[in-house]
Amino acid sequence: MTRLTEEMIIDLPENARERSKKLKEQIGMDLKTLAFKSIGENPDDYDFSDYSVASVPITAGLGVIGGFSLSVKAILEEMGFECFVTTEPDVDGFYEALEKGADIIFVADDKRFLAYNAKTGIYSENVSSTAAGYSEALDIASGGLKGKDVLVIGAGRVGSESVRLLVSKGAKVKVTDIDFGKAKDVAAEYGAAALSNVSRAISEHKYILDASPGLIPGELIVEGAVISSMGIPYSFDAEGEKKSDMIIHDPLNIGTAVMAAKCVASPRK
Ligand code: 2YJ
């Protein structure tokens, strides 16, 4: 899995509002609305202005990423939560969050990005949440994917979960990966088709969900393409941006917002 870098998120705290506005221009829904829709809930049913959320820096593995906890805080504040970054990292930070009465606690190491609702015991994680948010965004952006051909690029954890979700939305899903064996396995598991030639697959699809870290040359992009891309680093050049109708992309926002929505919406286990 690609690890975020400081450069990818450096502007995020200042731009969380702008990113949500851009999403609204693109698909007619802001971040909060998309997050709840992607889990089948109506955002208007939830008032979480009295929720306190903590974002805890974690030093394990490759360590703290500059701006990561602050970015999580900015995304959650944009959704309407009260949020704070703990002074202390790691377990002591988790303790601080509990002591300060946090309802939901966000933590991320190099393998897992997790949100935990300390009041209900509900938790959510970034992989399935990112897949849900970006699949829903593509569904909305395309005017409904039912019966339409959709290409998923990347058969890793987020890509395979996206294949599952897009098949369940009634799309005709193809999946491609530089490791064709992975694409075949995922396709077989969820009732999709696997395509071995990644470049050709891209050049033959208008609706694309990009869950790969690779760059996608603009010459491969179909005119009028509609692309939902959670892949980091950002995959597109100026030609691809010009030819496509829409590229939905952010480094952290949609996945984090869906994690929060899940923690709020799910009933106590
Ligand atoms: O607390 C910190 O600053 C760090 N321990 C954050 C680590 C962030 N984790 C990653 O970048 C993982 N690869 C998961 C990211 C999921 C984003 N889709």
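The legends below describe close-up views of a predicted model.

**View 1. The mixed sheet of 5 strands.** This open sheet places its 5 strands in the order 2-1-3-4-5, and the pairing between them is mixed. Strand 2 (82–85) and strand 5 (123–125) stand at the edges, and because each has a single partner strand, one side of each is left without a neighbour in the sheet. From one strand to the next, the twist averages 20 degrees. Within the sheet, strand 1 (residues 52–56) and strand 3 (residues 104–108) are joined by 4 bridges and pair in the parallel sense, and here V53 of strand 1 can be found opposite I104 in strand 3.

**View 2. Helices against the mixed sheet.** Helix 4 (residues 68–79) lies across strand 1, strand 2, strand 3 and strand 4 (113–117), and the helix runs at about 175 degrees to strand 2. Helix 11 (residues 253–265) also packs on the sheet, where it touches strand 3, strand 4 and strand 5, and the direction of helix 11 makes about 25 degrees with that of strand 4.

**View 3. The aromatic pair of F36 and Y46.** The structure holds 8 aromatic pairs, and one of them is formed by F36 and Y46, whose rings are stacked at 4.9 Å centre to centre with 20 degrees between the planes. F36 belongs to helix 3 (residues 31–38), whereas Y46 sits in the loop between helix 3 and strand 1, so that the pair links parts of the chain 10 residues apart. Both F36 and Y46 are buried. Ring pairs also link these two residues with F48, Y51 and F81 into a cluster.

**View 4. The aromatic pair of F94 and Y116.** The ring centres of F94 and Y116 are 6.4 Å apart and their planes stand at 25 degrees, so this pair is stacked. Because F94 lies in helix 5 (residues 90–99) and Y116 in strand 4, the pair ties together parts that are 22 residues apart in sequence. F94 has a relative accessible area of 27% and is therefore partly exposed, and Y116, at 30% relative accessibility, counts as partly exposed as well.

**View 5. The surroundings of the ligand.** The ligand is surrounded by 14 residues, of which I58, I65, A108, D109 and N126 are the closest. An oxygen atom of the ligand lies 2.9 Å from a backbone N or O atom of I65. A nitrogen atom of the ligand lies 3.0 Å from a backbone N or O atom of D109, while for N126 an N or O atom in the side chain is 2.8 Å from a nitrogen atom of the ligand.

**View 6. S129 in helix 6.** S129 lies in helix 6 (residues 126–141), and because its relative accessibility is 0%, this residue counts as buried. Leaving aside residues up to four places away in sequence, S129 touches S124, G255, V258, M259 and K262.

**View 7. The parallel sheet of 6 strands.** In this open sheet, 6 strands follow the order 8-7-6-9-10-11 with parallel pairing. Strand 8 (193–195) and strand 11 (246–249) stand at the edges with a single partner strand each, so one side of each is left without a neighbour in the sheet. Neighbouring strands are turned by 20 degrees against each other on average, direction ignored. Strand 6 (residues 149–153) and strand 7 (residues 172–176) run parallel and are joined by 5 bridges, and V152 stands opposite V175 in strand 7. Helix 6 lies across strand 6, strand 9 (207–210), strand 10 (226–229) and strand 11, running at about 165 degrees to strand 10.

Terms used: Residues are numbered from 1 along each chain as its sequence is written. This is a predicted model: local features need pLDDT of at least 70, side-chain atom pairs count only at pLDDT 80 or more; totals for chains, interfaces and linings use all residues. Side-chain values use heavy atoms; hydrogens and water are left out. Two strands pair if DSSP finds at least two bridges between them. Helices (H or I, at least four residues) and strands (E, at least two) are DSSP runs, numbered from the N terminus. Axes are lines fitted to C-alpha atoms, for helices over the stretch in contact, and angles run from 0 to 180 degrees between N-to-C directions. Contact means heavy atoms within 4.5 Å. Rings of Phe, Tyr and Trp (its six-membered ring) pair if their centres lie within 6.5 Å; planes under 30 degrees apart count as stacked, over 60 as edge-to-face and the rest as tilted. Buried means under 20% relative accessible area, exposed over 50%, partly exposed in between (1.4 Å probe, protein chains only). A residue is near a molecule or strand if one of its heavy atoms lies within 4 Å of it. A polar contact is a pair of N or O atoms within 3.5 Å; within protein, one must be able to donate a hydrogen and the other to accept it, and residues adjacent in sequence count only if both atoms are side-chain atoms.
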